[in-house]
Amino acid sequence: MLLCKNYAMPVKTMIYDAMNYGDQVNEAKKHHQKNKDYKSSDEEKLNDLITKDETFTRVDVETVAAINLFVGTDIKYDENEEVVNMCKAWDDHKKRGIQEGRYLEIYSLVQDGIIEPELGAKRLNMPFADFERAMQKAGYKLPELA
C-alpha cells in the first residue's frame, strides 16, 4: 500500500481549527454584547491569570508570532529576545485599540457633518492633509463643502 506523506496537513488542520475557534469567539462576543452581559467575575479571573501567571506573562517569541498570525493581532516584539513580556504587549495592544477607536469616532463625526474637518484634525493632533488621507484610508469621506 502506497502512503502519501503530507507534512503540511497538520498545519492546515491547526489553521482551520483556529479559524473555527475565532468564529466561535466572535459569535460569543455578539451574543454577550446583545445581552449586555459581557462583564463577569470570570473576566476579572482571566485578567488576573494573564497578568500574574508567568506562563502567560512571559511567552517565547515563536508563540507570539503564532498569536499574531492566528488572532490577527500586531503584538510588537524583538526577534532577538527569547521571551516577550505579554503584560506590556497586551497593554500596548489595548491602548492601540482604544486609540484606533477614537480615530474612527472622529472620522465618523466629521463624515456625518457633526464636527468640522479642521476640528477633527486638531483633536487628533494631525496636520489637515494627513488627517484627510488617514480618514480616506479608513474608508471615510469628508463631507461635501457647500
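Biologist: Taking Phe131 as our starting point in this predicted model, does this residue count as buried or exposed?
Modeller: A residue counts as buried when its relative accessible area is under 20%. The relative accessible area computed for Phe131 is 0%, so this residue falls under the cut-off and counts as buried.

Biologist: How many of the elements in the protein chain are strands, and in which order do helices and strands follow one another?
Modeller: The chain has seven helices and two strands. Reading from the N terminus on, the order of its elements is α-α-α-β-α-β-α-α-α.

Biologist: What share of the residues in the protein chain is buried?
Modeller: The protein chain has 146 residues, and its accessible surface comes to about 11900 Å², with 55% of that belonging to carbon and sulfur atoms. The share of the residues that are buried is 15%.

Biologist: Turning to helix α4, how wide is the arc within which its buried residues fall when we look down its axis?
Modeller: Helix α4 covers residues 61-71, and its buried residues are Val61, Val64 and Asn68. Seen down the axis, these residues line one face of the helix, because their directions fall within an arc of 60 degrees.

Biologist: Which residues are exposed on the other side of α4, and what is included in the cover over its buried residues?
Modeller: Glu62, Leu69 and Val71 are the exposed residues on the other side of the helix. The buried residues of α4, in turn, have a cover that includes β1 (58-60), β2 (83-85) and α5.

Biologist: At the start of α4, which residue reaches the backbone nitrogen of Glu62 with a side-chain oxygen, and which residue follows the helix?
Modeller: At the start of the helix, the side-chain oxygen within 3.2 Å of the backbone nitrogen of Glu62 belongs to Asp60. After α4 comes a residue with a positive phi, near 85 degrees, and this residue is Gly72.

Biologist: How many aromatic pairs does the structure hold, and which kind of pair do Tyr103 and Tyr107 form?
Modeller: The structure holds four aromatic pairs. In the pair of Tyr103 and Tyr107, the ring centres lie 6.2 Å apart and the planes meet at 85 degrees. Planes over 60 degrees apart count as edge-to-face, so the pair of Tyr103 and Tyr107 is edge-to-face.

Biologist: Where along the chain do these two tyrosines lie, and which of them counts as buried?
Modeller: Tyr103 and Tyr107 both belong to helix α5 (residues 86-111), where they are four residues apart, about one turn of the helix. With a relative accessible area of 21%, Tyr103 is partly exposed. At 4%, the residue that counts as buried is Tyr107.

Biologist: Phe128 and Phe131 form an aromatic pair as well, so which kind is it, given planes 35 degrees apart?
Modeller: The ring centres of Phe128 and Phe131 are 6.5 Å apart, and the two residues are separated by about one helical turn, because they stand three residues apart in helix α7 (residues 128-137). Phe128 counts as partly exposed at 32% relative accessibility, whereas Phe131 is buried. Planes under 30 degrees apart would be stacked and those over 60 edge-to-face, so an angle of 35 degrees makes this pair tilted.

Biologist: Which residue joins Tyr103, Tyr107, Phe128 and Phe131 in a cluster of ring pairs?
Modeller: The cluster draws on the tyrosines of helix α5 and on the phenylalanines of helix α7. Ring pairs link these four residues with one further member, Tyr140.

Biologist: What is the phi of Asn125?
Modeller: Asn125 sits in the loop between α6 (117-123) and α7, and it counts as exposed at 73% relative accessibility. Most residues other than glycine have a negative phi. For Asn125, however, phi is positive, near 55 degrees.

Biologist: The structure holds two salt bridges, so which residue does Lys76 meet in one of them?
Modeller: Lys76 is exposed, with a relative accessible area of 54%. Its partner, at 40%, counts as partly exposed. The side chains meet at 2.5 Å, N to O, and the partner of Lys76 is Asp74.

Biologist: In the salt bridge between Asp130 and Arg133, which residue is exposed?
Modeller: Both residues lie in helix α7, three residues apart, about one turn of the helix, and their side chains meet at 2.5 Å, N to O. Asp130 is partly exposed at 33%. With a relative accessible area of 52%, the exposed residue is Arg133.

Technical notes:
Residues are numbered from 1 along each chain as its sequence is written. This is a predicted model: local features need pLDDT of at least 70, side-chain atom pairs count only at pLDDT 80 or more; totals for chains, interfaces and linings use all residues. Side-chain values use heavy atoms; hydrogens and water are left out. Rings of Phe, Tyr and Trp (its six-membered ring) pair if their centres lie within 6.5 Å; planes under 30 degrees apart count as stacked, over 60 as edge-to-face and the rest as tilted. Buried means under 20% relative accessible area, exposed over 50%, partly exposed in between (1.4 Å probe, protein chains only). The arc is that of the directions from the helix axis to the C-beta atoms. Contact means heavy atoms within 4.5 Å. A polar contact is a pair of N or O atoms within 3.5 Å; within protein, one must be able to donate a hydrogen and the other to accept it, and residues adjacent in sequence count only if both atoms are side-chain atoms. Accessible areas come from the Shrake-Rupley method with a 1.4 Å probe; for residues, only the protein chains shown count as cover. A salt bridge is a side-chain nitrogen of Lys or Arg within 4 Å of a carboxyl oxygen of Asp or Glu.
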